[in-house]
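Visitor: I'd like a close look at just one part of this protein: its inside. Please walk me through what packs against what, and tell me how far I can trust the picture.

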Amino acid sequence: MKSARPSEGKTSAARHGDSKARAEFLGTDNPRHLRVIQAVTVRPVPREELDRVAGCSNGPDLVAELRRLGLELPCCRTRKLDRDLFPVFPGVYHLTDRDRRKLTAWKRQRSAERGSQ
């Protein structure tokens, strides 16, 4: 079991680094990806909710797939108390401004491609 506790507000972006992210997001047709993208576009989403929204039981792996496709999707660790009043550090995924620009460009391109068919 891990004993190290992440500091409040720390994100996973430092571990993943910007160098691994693609310069552009080329898109996806995966329904799970699309549901996650829609959810995090509206607001930051906790990991447990991400599983429910996506319809899967391994949200972090789904986020890893989206990161490989070009999104950053950082995960902030927040401090909360569980039902037994022990401190826990759940992850909350959110889009960066760069992610929002990539998604806007992808949606615009996808819309143009569908309009020309």
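Guide: Let's get the bench question about redox out of the way: the structure holds zero disulfides, a disulfide being two cysteine sulfur atoms within 2.5 Å. Take C75, whose closest cysteine sulfur belongs to C76 and sits 7.1 Å away, which is too far for a bond. Seen from C76, the closest cysteine sulfur is that of C75, again at 7.1 Å and too far. C75 itself is buried, at 10% relative accessible area (buried means under 20%, exposed over 50%, partly exposed in between, using a 1.4 Å probe and protein chains only).

Keep in mind that this is a predicted model, in which local features need pLDDT of at least 70 and side-chain atom pairs count only at pLDDT 80 or more, while totals for chains, interfaces and linings use all residues. Residues are numbered from 1 along each chain as its sequence is written, and side-chain values use heavy atoms, with hydrogens and water left out.

Now the layout. The protein has five helices and five strands (DSSP runs numbered from the N terminus, helices being H or I over at least four residues and strands E over at least two). Going along the sequence, they come in the order α-α-β-α-α-β-β-β-β-α. Of the 117 residues, 31% are buried.

As for trust, the average pLDDT (the predictor's confidence in each residue, from 0 to 100) is 85, and 80% of the residues score at least 70. Among the elements, α2 has the highest mean, 97, and α1 the lowest, 46. Go easy on residues 10–19: pLDDT stays under 50 there, and the model gives that stretch 13 contacts beyond four places in sequence, a contact being heavy atoms within 4.5 Å.

Here's the middle of it. The largest nonpolar core has 19 residues, and L71, L73 and L103 have the most contacts inside it (such a core is a set of buried Ala, Val, Leu, Ile, Met, Phe, Trp, Tyr and Cys residues joined through side-chain atoms within 4.5 Å). At least two residues of this core come from each of α2 (31–42), α3 (47–54), α4 (59–68) and α5 (97–115). The largest share, four residues, is supplied by α2. In soluble globular proteins, nonpolar side chains tend to be buried together.

Zoom in on L103. Setting aside neighbours within four places in sequence, its contacts are F25, I37, T41, L71 and L95. L71 is thus a partner of L103 as well as one of the best-connected residues in the core. L73, also on that list, sits in the loop between α4 and β2 (75–77). Its relative accessibility is 0%, so L73 counts as buried. Its backbone deserves a glance too: phi of L73 is positive, about 40°, although the residue is not a glycine.

For contrast, L85 is another non-glycine residue with a positive phi, near 65°. L85 lies in the loop between β3 (80–81) and β4 (87–88), and at 62% relative accessibility it counts as exposed.

Back to F25, one of the partners of L103. The structure holds one aromatic pair, and that pair is F25 with W106, edge-to-face, at 5.2 Å centre to centre and 80° between the planes. (Rings of Phe, Tyr and Trp, the last by its six-membered ring, pair if their centres lie within 6.5 Å; planes under 30 degrees apart are stacked, over 60 edge-to-face, the rest tilted.) Since F25 is in the loop between α1 (13–16) and α2, and W106 is in helix α5, the pair ties together parts that are 81 residues apart in sequence. Both rings are tucked away: F25 is buried at 4% relative accessibility, and W106 is buried at 7% relative accessible area.

W106 has company on its face, where R110 lies at 4.5 Å from the ring centre (NZ of Lys or CZ of Arg counts if within 6 Å of the centre and within 35 degrees of the ring normal). L34, in helix α2, joins this group: leaving out residues up to four places away in sequence, L34 touches T28, D29, W106 and R110. L34 is partly exposed, though, with a relative accessible area of 29%.
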